[in-house]
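Open the model in your viewer and keep the sequence panel visible. The tour goes from one selection to the next.

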Amino acid sequence: MKKIGIIVTDPEDPTAIAFGKACQKNKIGHQIMDLQKAEVSTGGRTEWHIGKTDPLQFDAIVVRDVGAGAFEGVSFRFDILRQLEEEGVLVVNSPSAIQNAANKYYASCLLSNRGLPIPRTKVVQDTESAMEVLEEMKDAVVKPVFGYKGMGIHRIKNGMDIPTNGTKQKKLVPEQIDQLLEQRGMLYIQEFIENPGRDIRAFVVNGKLIGAIYRTAPEGSWINNISQGGSVSQCKLSTEQEEICIKAAGAIGAFFAGVDLVEKRDTSDNKVDKSLILEVNGTPSVAGIYKAWGINAADDIIKDVIKEI
């Protein structure tokens, strides 16, 4: 009997639960595992165990979350996934795809080099260059390269630091940039795109669009992430938007992906002018699209994984 391993850190996570139920629905064996409990023995034949489980018994492994933490620990867990791939286990998403998506700088390059539309982006490593870029762009967002859930983001508009919660704006001073550079070693700066107060999360599975949602920021905020209080509603993509999303997932190398688009407004008539890719998520939650549409993305993913094994 074919069997799928599901990598999670929180067994109560709605997406982790959805993957398990999708396996049951499609009558395929599965096991929930936490890669943070993995141990490896080497010195002869390398042996892997996740808890007490030998992961080589699985025909496929679906990755929801490898866990955060110190660099060496995260790197170790990705190395395990790469080794399991080399041993013939189908890993979805592949470790390279997850890493491509997680690294905003590298992902931006992959997307841009494929001719896909992204906001104007600059990456710098010193305060003087950062201040010049922020002044030139007028309205920009400074993002952590490996950030998630909209955390650690700063919007700088005309020299003012715009908070996400509607509190008082503060003038940006070079010392703030110094501090960010000390923390991060480099700054990823992206032009802020004026939009209708929402962005789009599209779900692509195995080269097909299965649905999309609008994510609308709460009142007083400019961040649309659901984890930051954003709300979801149904979205129907244009043919052009659908093609952009499918190509974006392909550029990252993702079997399944959440592709985030922003609709740029034409300032003359306030209508949507074009769509730009904000980022691609290689371990997306399926909760939002289920809430808005009743679409079970986990079921689509598991069905297509079964076809591949």
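A residue counts as exposed when its relative accessible area is over 50%, and as buried when that area is under 20%. Keep in mind throughout that this is a predicted model.

**Stop 1: asparagine 158.** Select asparagine 158, in the loop between strand 9 (154-157) and strand 10 (160-162). Its relative accessible area is 57%, so asparagine 158 is exposed. Now check the backbone: phi is positive, about 50 degrees, although the residue is not a glycine. Most residues other than glycine have a negative phi.

**Stop 2: lysine 27.** Go next to the loop between helix 1 (14-25) and strand 2, where lysine 27 lies. Lysine 27 is not a glycine either, yet has a positive phi of about 55 degrees. Is lysine 27 buried or exposed? With a relative accessible area of 72%, lysine 27 is exposed.

**Stop 3: the open sheet.** From that loop, move on to strand 2 and display the four-stranded open sheet, whose order is 2-1-5-6 with parallel pairing. Which strands stand at the edges? They are strand 2 (29-33) and strand 6 (90-92); each has a single partner strand, so one side of each lacks a neighbour in the sheet. On average, neighbouring strands of this sheet are turned by 20 degrees against each other, direction ignored.

**Stop 4: strands 5 and 6.** Select strand 5 (residues 60-63) together with strand 6; the two pair in the parallel sense over three bridges. Within this pair, valine 62 stands opposite valine 92 of strand 6.

**Stop 5: the bond after valine 92.** Stay on valine 92 and look at the peptide bond that joins valine 92 to asparagine 93: this bond is cis, with omega about -10 degrees. Most peptide bonds are trans. Asparagine 93 itself has its place in the loop between strand 6 and helix 3 (95-102).

**Stop 6: aspartate 139.** Finish at strand 8 (residues 139-143), in which aspartate 139 lies. The relative accessibility of aspartate 139 is 9%, so this residue counts as buried. Which side chain makes a polar contact with the side chain of aspartate 139? Show arginine 155: the two side chains make that contact at 2.7 Å. To see the rest of the surroundings, select the residues in contact with aspartate 139, leaving aside its neighbours within four places in sequence: Arg155, Ile156, Lys157, Glu191, Phe192 and Glu194.

Definitions and conventions: Residues numbered from 1 in each chain as written. Predicted model: local features only at pLDDT ≥ 70, side-chain atom pairs only at ≥ 80, totals over all residues. Heavy atoms only, no water. Pairing = 2+ DSSP bridges. Axes fitted to C-alpha atoms, helices over the stretch in contact; angles between N-to-C directions. Buried < 20%, exposed > 50% of the residue type's maximum accessible area, 1.4 Å probe, protein only. Polar contact = N/O pair within 3.5 Å; in protein donor to acceptor, adjacent residues only side chain to side chain. Contact = heavy atoms within 4.5 Å.
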